[in-house]
Amino acid sequence: MKGNSVLSAFSALSACRRGAARLAAATLVSGLVAAGAVATAGTAVADETPQSPGGATATLGDLKTYGSAVIHDHGEDSWVSAGLFEMSVDDGGTLQTYCIDLHNPTQRDARYQETSWSGTSLSGNKDAGRIRWILRNSYPQVNDLTALAEKAGVRGLTEQDAAAGTQVAIWRYSDGADVDAADPKAEKLADYLQRNARDLPEPDASLTLTPAAVSGHPGERLGPVTVHTDADGVTVAPPADTAASGVKVVDGHGKPVTSAADGSRLFFDIPKDSPDGSASLTVQASTSVPVGRAFASDSRSQTQILAGSSESTVSATATVDWAAKGAIPALTAEKNCADGGVDITAVNKGDEAFTFELMGVEHTIAAGAAQTMTVPLQEDQAYDFTISGPSGFAKRFKGVLDCRTQGGASDITTQTVGEPSPASIGGSGSGGSDLAETGGSGATPVIAGVAIALVLVGGAAVLFVRRKQTPEQGPAQD
């Protein structure tokens, strides 16, 4: 009955808020799946394994510089704000971004992680390279607005015109949207950018470590873990438990390292008498994130693409697991939008096979072998599962598969002219428009009510799984 009342609440939403309702409904379904996955994870304590190879982590702020745009779809016109968001980078730095996910909502203070195009809606988009060209050849990368106006064939551009025109041109390629800038000058800029855009390759990540997980026997140097960065250099932080375990981060000659550069190969030096265990290293740098890098959030907030970066702090982490005998797995995960799922890569450096169950399917990785398997997921589906192994080994993977742009004008989760101000992103930008920011949801009270219902329903699901499993497996772990 609770589920029916929740769905009834969704049906009362107006057409312009259907995207937010769809998001909450998807959360209701996938939340139950996730609860079951956690409940069946077993008794091992699982470390949550990052699925990003590294880079900048940032928090979404306001839409800072923007104008107005009109989206046309099947006879409906939706007025939205179009322009530049600002993000605050963890440990220092500021990013400017445009939206590439028009029909999804933004969430104030959502956490974003730099990611490859393959993990976003840009995967398989034949025009993704044209979006990067637009970013490199328009505002704010081109801040000489007089020169930009001359190229677009208009007399004068304000920052608001430039931001709105650039966002409109991007939407035409990222979402296939039929959209116009409200201001004639901004519209001419959008047309110029769309007409002249050329295909450019995906930019390199600001900082990554590959692979992000290694394993092996104590008494050996385990790795290598290779540094990839556009920064001049990175600092290397050794494992936090160095004093207890004696684990060191070294180069190929066994010399301890505290700094590295692009292409450096790092190893974990594990003492021979170390008990079975695990550790991690972190590398950090200060650099400008390359224009065109994608930023995604596991909270389903709109995917963003980088238009400008200050000197910002970027980081990446790699883990190591070791054991004297038996299976010694190393696990990594990465979203795979091309195949609609999450790729789990398992490498077994032990002397016995590593057998585990994933989403109801048993997998065996022979000693010395590696295998990548794709866990199929539905679009917008939340996932949360744990892979367990010998000696208490457990790795937890969680997130949301957000790979496609979707919906029409009736699904746009912004406010239209004449509606109340949204409860998400504030309207204090410099554009002078009183329109809500693109993707801002006005359904916050409804979603808040749904969240309470989800807690109740999700809790009931966990209890149900526990009771069902108790006779055979004992209590499940939260």
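This passage describes the overall makeup of a predicted model, one helix pair and one buried residue. Residues are numbered from 1 along each chain as its sequence is written, and side-chain values use heavy atoms, with hydrogens and water left out. In this predicted model, local features need pLDDT of at least 70 and side-chain atom pairs count only at pLDDT 80 or more, whereas totals for chains, interfaces and linings use all residues.

The protein chain contains eight helices and 24 strands (DSSP runs numbered from the N terminus, helices being H or I of at least four residues and strands E of at least two). Of its 478 residues, 51% are buried (under 20% relative accessible area with a 1.4 Å probe, protein chains only). Among contacts (heavy atoms within 4.5 Å) between residues at least 6 apart in sequence, 72% join residues at least 24 apart.

Helix H5 (residues 159-174) packs against helix H6 (residues 184-196) at an angle of about 45 degrees, with the axes 8 Å apart (axes are lines fitted to C-alpha atoms over the stretch in contact, and angles run from 0 to 180 degrees between N-to-C directions). The two helices, H5 and H6, are therefore oblique to each other (angles under 35 degrees count as roughly parallel, over 145 as roughly antiparallel, 65 to 115 as roughly perpendicular and the rest as oblique). Residues in the contact include Val168 and Arg172 of H5 and Leu189 and Leu193 of H6.

Val214 lies in strand S8 (residues 213-216) and, at 8% relative accessibility, counts as buried. Not counting residues up to four places away in sequence, Val214 touches nine residues by name: Leu222, Gly223, Pro224, Val225, Phe268, Thr319, Val320, Asp321 and Ala330. The C-alpha atoms of Val214 and Lys349 are separated by 8.5 Å, while the two residues are 135 residues apart along the chain.

Key. Buried < 20%, exposed > 50% of the residue type's maximum accessible area, 1.4 Å probe, protein only.
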